[in-house]
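Work through the exercises below with the sequence and the model side by side. Each task is followed by a solution in steps.

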Amino acid sequence: MGKAFTIQEVVARTGLSVHALRYYERAGLLPPVDRGASGHRRYTADDLNWITFLLRLRATGMSIRQMRAYADLRRQGGATASARLALLEAHHQQVREHLHELENHLAAIEKKMHSLRSTEERRDLLDHSTEQGEY
């Protein structure tokens, strides 16, 4: 068996809080976590990889409900690969659409910044020419 990680080590490696990790367990996102003789949770490298994947799904806007559906399929094994792929493909499309929307918003912000810079440059030129005329 590989190295086991304490909940504090998982917190340090993933950025999740202890509360969030326990929530992920209760929500059915994580498989049951092994416990040491002391009763403390002991996470495996596979658990860490799965948590990291869940964080990526969450960071890209997947809902907890969708993540739970994916986790449920994953627990059912290889026979659900096509269903998991379909779920990820749908999410991938949503992320792509969101990225496109963000790119459009970013372009509008950049256009406004360019406009404001041009206005400032014209104002600076006018101020400079007025100063020279005062001498």
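**Exercise 1. The cover over H1**

What covers the buried residues of H1? The model used here is a predicted one.

Solution.
Step 1. Find the buried residues: in helix H1, residues 7-14, they are Ile7, Val10, Val11 and Thr14.
Step 2. Place them around the axis. Their arc is only 105°, so they sit on the same side of H1.
Step 3. Look at the face turned away from that buried side; Ala12 and Arg13 are exposed there.
Step 4. Identify the cover. It includes helix H2 (18-26) and H3.
Step 5. Check what comes next in the chain: Gly15 follows H1 and has a positive phi, near 85°.

**Exercise 2. H1 against H2**

Describe how H1 and H2 are packed, using the angle and the distance between their axes.

Solution.
Step 1. Recall the description: two packed helices are characterised by the angle between their axes and by the distance between the axes.
Step 2. Read off the two values. The axes of H1 and H2 cross at roughly 100° and come within 9 Å.
Step 3. Classify the angle: H1 is therefore roughly perpendicular to H2, since angles of 65 to 115 degrees fall in that class.
Step 4. List the contact residues. H1 supplies Ile7, Gln8, Val10 and Val11, while H2 supplies Val18, Leu21 and Arg22.
Step 5. Sort them by class: the contact of H1 with H2 has 5 nonpolar, 1 polar and 1 charged residues.

**Exercise 3. The two faces of H2**

Which residues of H2 are buried, and which exposed residues does the face turned away from its buried side carry?

Solution.
Step 1. Collect the buried residues of H2, which are Ala20, Leu21, Tyr24 and Glu25.
Step 2. View the helix down its axis. The buried residues of H2 fall within an arc of 145°, so they line one face of the helix.
Step 3. Turn to the face directed away from the buried side of H2: His19 and Arg26 are exposed there.
Step 4. Name the cover. The elements over the buried residues of H2 include H1, H3 and H4.
Step 5. Follow the chain onward: Gly28 comes after H2, and its phi is positive, near 85°.

**Exercise 4. H1 against H3**

At what angle do the axes of H1 and H3 cross, and which residues make the contact?

Solution.
Step 1. Take the geometry. The axes of H1 and H3 cross at roughly 40° and come within 11 Å.
Step 2. Assign the class: H1 and H3 are therefore oblique to each other.
Step 3. Give the hand of the H1 and H3 crossing, which is right-handed.
Step 4. List the residues in contact. Val10, Arg13 and Thr14 come from H1, and Leu48, Ile51 and Leu55 come from H3.
Step 5. Count by class: the contact of H1 with H3 has 4 nonpolar, 1 polar and 1 charged residues.

**Exercise 5. H3 against H4**

Describe the packing of helix H3 and helix H4 by angle and axis distance, then sort the contact by residue class.

Solution.
Step 1. Locate the helices. H3 covers residues 45-59 and H4 covers residues 64-76.
Step 2. Read the geometry: H3 and H4 pack at an angle of about 145°, and their axes are 10 Å apart.
Step 3. Add the hand, which for the crossing of H3 and H4 is right-handed.
Step 4. Name the partners. On H3 they are Trp50, Phe53, Leu54, Leu57 and Arg58, and on H4 they are Ile64, Met67, Tyr70, Ala71 and Arg74.
Step 5. Classify: the contact of H3 with H4 contains 8 nonpolar, no polar and 2 charged residues.

**Exercise 6. Two single residues**

Where do Gly2 and His100 lie, and what is the accessibility of Gly2 and of His100?

Solution.
Step 1. Place Gly2 in the segment before H1.
Step 2. Take its relative accessible area: at 59%, Gly2 is exposed, because exposed means over 50%.
Step 3. Relate Gly2 to Ala83. They are 81 residues apart along the chain, and their C-alpha atoms are separated by 30 Å.
Step 4. Place His100 in helix H5, residues 81-134.
Step 5. Its relative accessibility is 48%, so His100 counts as partly exposed.
Step 6. Relate His100 to Pro31: the two are 69 residues apart in sequence and 35 Å apart in space, C-alpha to C-alpha.

Notes: Residues numbered from 1 in each chain as written. Predicted model: local features only at pLDDT ≥ 70, side-chain atom pairs only at ≥ 80, totals over all residues. Heavy atoms only, no water. Axes fitted to C-alpha atoms, helices over the stretch in contact; angles between N-to-C directions. Helix = DSSP H or I, 4+ residues; strand = E, 2+ residues; numbered from the N terminus. Left-handed = near helix turned anticlockwise from the far one by under 90°. Contact = heavy atoms within 4.5 Å. Nonpolar A, V, L, I, M, F, W, Y, C, P; charged D, E, K, R; others polar. Buried < 20%, exposed > 50% of the residue type's maximum accessible area, 1.4 Å probe, protein only. Arc of directions from axis to C-beta. Parallel < 35°, antiparallel > 145°, perpendicular 65-115°, else oblique.
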